[in-house]
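Please open the structure in a viewer and keep the selection tool at hand. The tour proceeds by selections, each followed by a description of what is found there.

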Amino acid sequence: MDPKSLECPSCGRADRVQKASAVVRAGQSTGSSEGGGYVYTVNSPLAYQLRRPSKDDAPGIGCSVPVLLIGGAFAVIIGLSYLFLFVFIIVSGFNQRIAMTPENIPSAAFYLVLIGLPGALGILAIRTARRKMAFAKNEVPGAQAAWDNLYFCSRCDGGFVPAKAEFVPIAKLREYLYRK
């Protein structure tokens with residue numbers, strides 16, 4: 001590659017420009033537990049900011065997709081069971097003791113919240129999981145391809161792709177990588 005093309009678009013120099021993957025590798029350290037049971041990697045703050053895009057970057061709740069799907073289904077089932085219980089109480093012989101009088105309206109509202117809240121949380125969790133799966137499928141491959149060509153200028157604290165010659169500050173790099 002032509003050294004001129006590796007000049008930072010911000011400062012016009014190439015002496016402090018490195019490939020982003022090299023900066024990330026240099027900022028990582030690994031270790032293992034005493035018994036050798038597991039290996040861990042620790043990233044420097046710079047290596048963390050420059051890390052390769054992954055499906056974990058998806059916006060939303062910080063849970064994994066299976067946890068969201070299982071938790072969401074469980075919450076919907078709880079909401080439906082409360083609904084069936086509420087309908088059973090109203091339809092069965094208990095309705096003489098639980099008449100809808102003005103004094104009982106707060107308890108009826110409580111039961112409606114008891115029914116609606118788990119169901120709403122479950123639906124929200126399932127929608128978030130679906131959004132995360134779509135993000136991982138549609139957005140991540142393009143961002144990874146852009147990251148493979150990303151260079152970092154330590155003089156200016158930002159990155160650029162030589163073909164585009166557009167400088168981006170490190171705080172905006174994630175947005176830049178996911179931009180189409």
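The stops below go from the whole chain to single residues.

**The whole chain**

Begin with the entire protein chain, and bear in mind that the model is predicted. A cartoon display shows six helices and six strands. Followed from the N terminus, the elements come in the order β-α-β-β-α-α-α-α-β-β-β-α. The chain has 180 residues, of which 27% are buried. Switching to a surface display brings up an accessible surface of about 11700 Å², with carbon and sulfur atoms contributing 63% of that area. Among contacts with a separation of 6 or more, 65% are between residues 24 or more positions apart.

**The sheet**

Next, select strands S1, S4, S5 and S6. In what order do the four strands lie in the open sheet? The order is S1-S4-S5-S6, and the pairing is antiparallel. S1 and S6 are the edge strands, each of them pairing on one side only.

Now restrict the selection to S1 (17-19) and S4 (151-153). These two strands pair in the antiparallel sense, with three bridges between them. Select Lys19 to see one example: the bridge partner of Lys19 in S4 is Tyr151.

**The salt bridges**

The structure holds four salt bridges; three of them are visited here, starting with Asp15. Select Asp15 together with Arg13: their side chains form a salt bridge, with an N to O distance of 3.3 Å. Arg13 is partly exposed, at 44% relative accessibility.

Keep Asp15 selected and add Arg155. These two residues also form a salt bridge, and their closest N and O atoms are 2.5 Å apart. Asp15 belongs to the segment before strand S1, whereas Arg155 lies in the loop between S4 and S5, so this salt bridge ties together parts that are 140 residues apart in sequence. Arg155 has a relative accessibility of 33% and counts as partly exposed.

Move on to Arg52 and Asp148, where a salt bridge has its closest N and O atoms 3.4 Å apart. This pair, too, links distant parts of the chain: Arg52 is in the loop between helix H2 (45-49) and H3, and Asp148 is in helix H5 (residues 140-148), 96 residues away. Both residues are partly exposed, Arg52 with a relative accessible area of 36% and Asp148 with 35%. To close this stop, select Arg13, Asp15 and Arg155 together: salt bridges with shared partners join these three residues into one network.

**The cysteines**

Select Cys8 and Cys153 and display their side chains. Why is there no bond between the sulfur atoms of Cys8 and Cys153? The sulfur of Cys153 is the closest cysteine sulfur to that of Cys8, but the 3.7 Å between them is too far for a bond; a disulfide would require sulfur atoms within 2.5 Å. Cys8 is buried, with a relative accessible area of 2%.

Then select Cys156 and Cys11. Cys156 is in no disulfide, and its nearest cysteine sulfur, that of Cys11, is 3.6 Å away. Cys156 is partly exposed, at 23% relative accessibility. By the same distance rule, the count of disulfides comes to zero.

**Phe167 and its surroundings**

Select Phe167, which is found in the loop between strand S5 (158-160) and strand S6 (168-169). Is Phe167 buried or exposed? The answer lies in between: Phe167 is partly exposed, with a relative accessible area of 23%.

Which residues is Phe167 in contact with, leaving aside its neighbours within four places in sequence? They are Cys8, Pro9, Ser10, Cys156, Asp157, Gly158, Gly159 and Phe160. The list includes two cysteines from the previous stop, Cys8 and Cys156. Ser10 deserves a distance label: its C-alpha atom is separated from that of Phe167 by 6.0 Å, although the two residues are 157 residues apart along the chain.

**A nonpolar patch**

For the last stop, return to the surface display and select Leu80, Leu83, Phe84 and Val87. These residues form a nonpolar patch on the surface, and together they have about 360 Å² of accessible area. Finish with Leu80, which lies in helix H3 (residues 65-91). Leu80 is partly exposed, at 41% relative accessibility.

Definitions and conventions
Residues are numbered from 1 along each chain as its sequence is written. This is a predicted model: local features need pLDDT of at least 70, side-chain atom pairs count only at pLDDT 80 or more; totals for chains, interfaces and linings use all residues. Side-chain values use heavy atoms; hydrogens and water are left out. Buried means under 20% relative accessible area, exposed over 50%, partly exposed in between (1.4 Å probe, protein chains only). Contact means heavy atoms within 4.5 Å. Patches are made of residues with over 30% relative accessible area and no salt bridge: like charges are joined within 9 Å, nonpolar side chains (Val, Leu, Ile, Met, Phe, Trp, Tyr) within 5 Å. Accessible areas come from the Shrake-Rupley method with a 1.4 Å probe; for residues, only the protein chains shown count as cover. Two strands pair if DSSP finds at least two bridges between them.
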